[in-house]
Amino acid sequence: MNNREDILQKTTFSYVTYIRSTPEKLWQALTTPGFNRQFFFGATQESAWKQGAAWRLMIPDGRVADSGEILEIDPPRRLVLKWRNEFMPELRAEGYSRMTLKIEKHGASVKLAILHEMDKPGSKLIEAVSEGWPPILSSLKSLLETGESLEETRRWPEGT
Amino acid sequence: MKKPKLVYTTFIRSTPKKTWDAISKPEFTRRYWGGMANVSDWKKGSKWEHHNPENEVWITGKVVESIPAKRLVLTWADPDDLKDKSRVTFEIEPMQDMVCLTVTHDRFQAGSKMVGKVSWGWPRVLSSLKTFLETGKGLNIFCRG
């Protein structure tokens, strides 16, 4: 869901999805390259997954899509990243955003909530991630529930 | 302050026809929407109702636009508080072997009590709808904790 925001002089995107899975399996899918590339448009994350560690999202051709740092980590419940775009100059110029991911057990399912925030109004980075998160998280849900991600999210889009 | 507008997009491995049926046929909605049913003939200008498992009317409204397998626009209100009316738009777009389903809930009245309820509800319902279409079984979405 995407609403309010501009009175606070920041741009936010939030998305909540419920997945028939466990917090441990969801955490593993989110932080393991072999799982990542199946639902993250072929991209994989690189990090030591410790507080203060560097974090990068790698495009399959070797370019860095986004980079930042792990601000908070509490497996399999919470991850907060400092996140800057690296491959689109206009977005990179906006500097760092903050991405908070929360996982909660919800009966026989898990609730996954993503909040991506930039401390400025009209952020182009937040506009871009608002297009990216719904297919990525939909595909992650399909992967965990059916064993197969959505085909369109297995490759990096050509020409980008 | 800007008027609230809720937008939720999900990608489902399914067809527009199956997605439309899952939203508009009670025998399907009951299986992923916490036992609730959407009841109407889905013609423009017709009444539509959202029933709980005991067939009590929880939400009522009119069908504003209806293009099967593509676009459905409804007005939306609690039958005990008809002035607190809002609007819901379902858009189904085919993309290769999947569909992109976007639900927009907007045109809330000032001070609407519905905004909070539906921001809580839509992610649950639409997550369960996707699970239902992809696995044949919805999620137990209204459970606590």
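**Exercise 1. In this predicted model, determine how the length of H3(B) relates to the span expected at 1.5 Å a residue, and locate the kink in H3(B).**

Solution.
Step 1. Helix H3 of chain B comprises 22 residues. From the first C-alpha to the last, H3(B) reaches 31 Å.
Step 2. The expected value at 1.5 Å a residue is 32 Å, and the span of H3(B) is close to it.
Step 3. The axis is nevertheless not straight throughout: a kink of about 30 degrees is found at Gly121(B), shortly before the proline Pro123(B).
Step 4. Beyond the end of H3(B) comes Gly136(B), with a positive phi near 90 degrees.

**Exercise 2. State what H3(B) gives to the contact between the chains and to the largest nonpolar core.**

Solution.
Step 1. The contact involves 25 residues of chain A and 29 residues of chain B.
Step 2. On the side of chain B that touches chain A, strand E1 (6–12) and H3 each supply at least two residues. H3(B) gives the most to this side, with 10 residues.
Step 3. The largest nonpolar core has 63 residues, and those with the most contacts inside it are Leu26(A), Leu140(A), Phe90(B), Val103(B), Trp122(B) and Leu129(B). Helix H3 (residues 114–135) of chain B gives the most to this core, namely nine residues.
Step 4. Apart from this core lies another, of six residues, including Trp55(A) and Trp83(A).
Step 5. Not counting residues up to four places away in sequence, Val103(B) touches Tyr8(B), Val88(B), Phe90(B), Trp122(B) and Leu126(B).
Step 6. For the confidence of the prediction, the predictor gives the complex an ipTM of 0.94 and a pTM of 0.94. The average pLDDT of chain B is 95, and 97% of the residues score at least 70.

**Exercise 3. Explain why the buried residues of H1(A) lie on the same side of the helix, and identify the elements they pack against.**

Solution.
Step 1. In helix H1 (residues 23–31) of chain A, the buried residues are Leu26(A), Trp27(A), Ala29(A) and Leu30(A).
Step 2. These residues lie on the same side of H1(A) because they cover an arc of only 165 degrees around the axis.
Step 3. In general, an α-helix has 3.6 residues a turn, so residues three or four places apart point the same way.
Step 4. The buried residues of H1(A) pack against strands E1 (11–19), E6 (97–106) and E7 (109–118), and against helices H2 (33–39) and H4 (124–146), of chain A.

**Exercise 4. Classify Phe41(A) and Ala69(B) as buried or partly exposed, and describe the backbone at each.**

Solution.
Step 1. Phe41(A) is located in the loop between H2 and strand E2 (44–47) of chain A. Although Phe41(A) is not a glycine, its phi is positive, at about 55 degrees.
Step 2. There are 22 other C-beta atoms within 10 Å of Phe41(A), so this residue is buried.
Step 3. Ala69(B) is located in the loop between strand E4 (57–67) and strand E5 (71–78) of chain B. Its phi is also positive, near 65 degrees.
Step 4. Ala69(B) has 16 C-beta neighbours inside 10 Å and therefore counts as partly exposed.

**Exercise 5. Describe the peptide bond from Pro75(A) to Pro76(A) and give the place of Pro76(A).**

Solution.
Step 1. The bond is cis, with omega near -10 degrees.
Step 2. Pro76(A) lies in the loop between strand E4 (64–74) and strand E5 (78–85) of chain A.

Notes: Residues are numbered from 1 along each chain as its sequence is written. Chains are lettered from A and ligands numbered from 1 in the order in which they are written. This is a predicted model: local features need pLDDT of at least 70, side-chain atom pairs count only at pLDDT 80 or more; totals for chains, interfaces and linings use all residues. A residue is buried if 20 or more other C-beta atoms lie within 10 Å of its own, exposed if 12 or fewer, and partly exposed in between; C-beta atoms are placed from the backbone. Helices (H or I, at least four residues) and strands (E, at least two) are DSSP runs, numbered from the N terminus. The arc is that of the directions from the helix axis to the C-beta atoms. Two residues are in contact if their C-beta atoms, placed from the backbone, lie within 7 Å. A nonpolar core is a set of buried Ala, Val, Leu, Ile, Met, Phe, Trp, Tyr and Cys residues joined through C-beta atoms within 7 Å. The expected span of a helix is 1.5 Å times one less than its number of residues. The bend at a residue is the angle between axes fitted to the seven residues ending there and the seven starting there. pLDDT is the predictor's confidence in each residue, from 0 to 100.
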